[in-house]
Amino acid sequence: IELAAKEFELLAYLVDHPRRACSRSELLAAVWSSHAGWQNEATVTEHVYRLRLKLEADPQQPRLLRTVRAVGYRWEG
């Protein structure tokens, strides 16, 4: 599977913290090193969407990369 650099870094972070809900702000701080004023939580949402397209059998019903409502995302793999 071909991943963009940030997709890989995001996946690596989530895999390193399995079954733990990671907030979008935590993921931004851990994966994106730009100034906080340039960061947007929608960036995380978009990268998660792209990862699901590449990793999940059914991206609409993800089993590996789960959304934790009102928190962020969790790796279940």
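**Group meeting: a walk through the helices**

Let's start with α1, which has twelve residues and reaches 16 Å from its first C-alpha to its last, close to the 16 Å expected at 1.5 Å a residue. Keep in mind that what you're looking at is a predicted model.

So which residues of α1 are buried? They are E7, L10, L11, Y13 and L14. Look down the axis of α1 and those buried residues fall within an arc of 160 degrees, so they line one face of the helix. Swing round to the other side of α1 and you find A5, F8 and D16 exposed. As for what the buried residues of α1 pack against, that's β1 (22-23), α2, α3, β2 and β3.

Now, one residue in that list may catch your eye. E7 sits in helix α1, and its relative accessible area is 2%. Anything under 20% counts as buried, so E7 is buried. What does the side chain of E7 join up with in a polar contact? That would be the side chain of K54, at 2.7 Å. If you set aside neighbours within four places in sequence, E7 is in contact with E2, H47, R50, L51 and K54.

Several of those names belong to the next helix I want to show you. Helix α3 covers residues 41-55. That's 15 residues, with a reach of 21 Å from first C-alpha to last, close to the 21 Å expected at 1.5 Å a residue. Buried in α3 are V44, H47, V48, L51 and R52. Seen down the axis of α3, the buried residues fall within an arc of 145 degrees, so here too they line one face of the helix. And what covers them? The cover includes α1 (5-16), α2 (24-31), β2 (65-68) and β3 (72-75).

Have a look at the start of α3 while you're there. A side-chain oxygen of N40 reaches to within 2.8 Å of the backbone nitrogen of A42.

Next, over to the strands. T67 lies in strand β2. Is T67 buried or partly exposed? It's partly exposed, with a relative accessible area of 45%. Not counting residues up to four places away in sequence, T67 touches R52, G72 and Y73. With R52 there's also a polar contact, side chain to side chain, of 2.8 Å. R52, remember, is one of the buried residues of α3. If you want another distance to α3, take V48: T67 and V48 are 19 residues apart in sequence, and their C-alphas are 9.4 Å apart in space.

Okay, let's zoom out. The protein chain has three helices and three strands, and from the N terminus on they run α-β-α-α-β-β. The radius of gyration is 12 Å, close to the 11 Å that the globule rule gives for 77 residues, so the chain is as compact as a globular protein of that length. Along its principal axes, the C-alpha trace spans about 35 × 25 × 20 Å.

A few overall numbers to finish. Of the 77 residues, 29% count as buried. Take the contacts with a separation of 6 or more: residues 24 or more positions apart account for 45% of them. The accessible surface comes to about 5,000 Å², and 50% of that belongs to carbon and sulfur atoms.

If you open the model yourselves, I'd go to two spots: the E7 and K54 side chains, joined at 2.7 Å, and the T67 and R52 side chains, joined at 2.8 Å.

Definitions and conventions. Residues numbered from 1 in each chain as written. Predicted model: local features only at pLDDT ≥ 70, side-chain atom pairs only at ≥ 80, totals over all residues. Heavy atoms only, no water. Helix = DSSP H or I, 4+ residues; strand = E, 2+ residues; numbered from the N terminus. Expected span 1.5 Å × (residues − 1). Buried < 20%, exposed > 50% of the residue type's maximum accessible area, 1.4 Å probe, protein only. Arc of directions from axis to C-beta. Contact = heavy atoms within 4.5 Å. Polar contact = N/O pair within 3.5 Å; in protein donor to acceptor, adjacent residues only side chain to side chain. Rg over C-alpha atoms; globule rule 2.2 N^0.38 Å. Areas by Shrake-Rupley, 256 points an atom, 1.4 Å probe, with all protein chains shown as cover.
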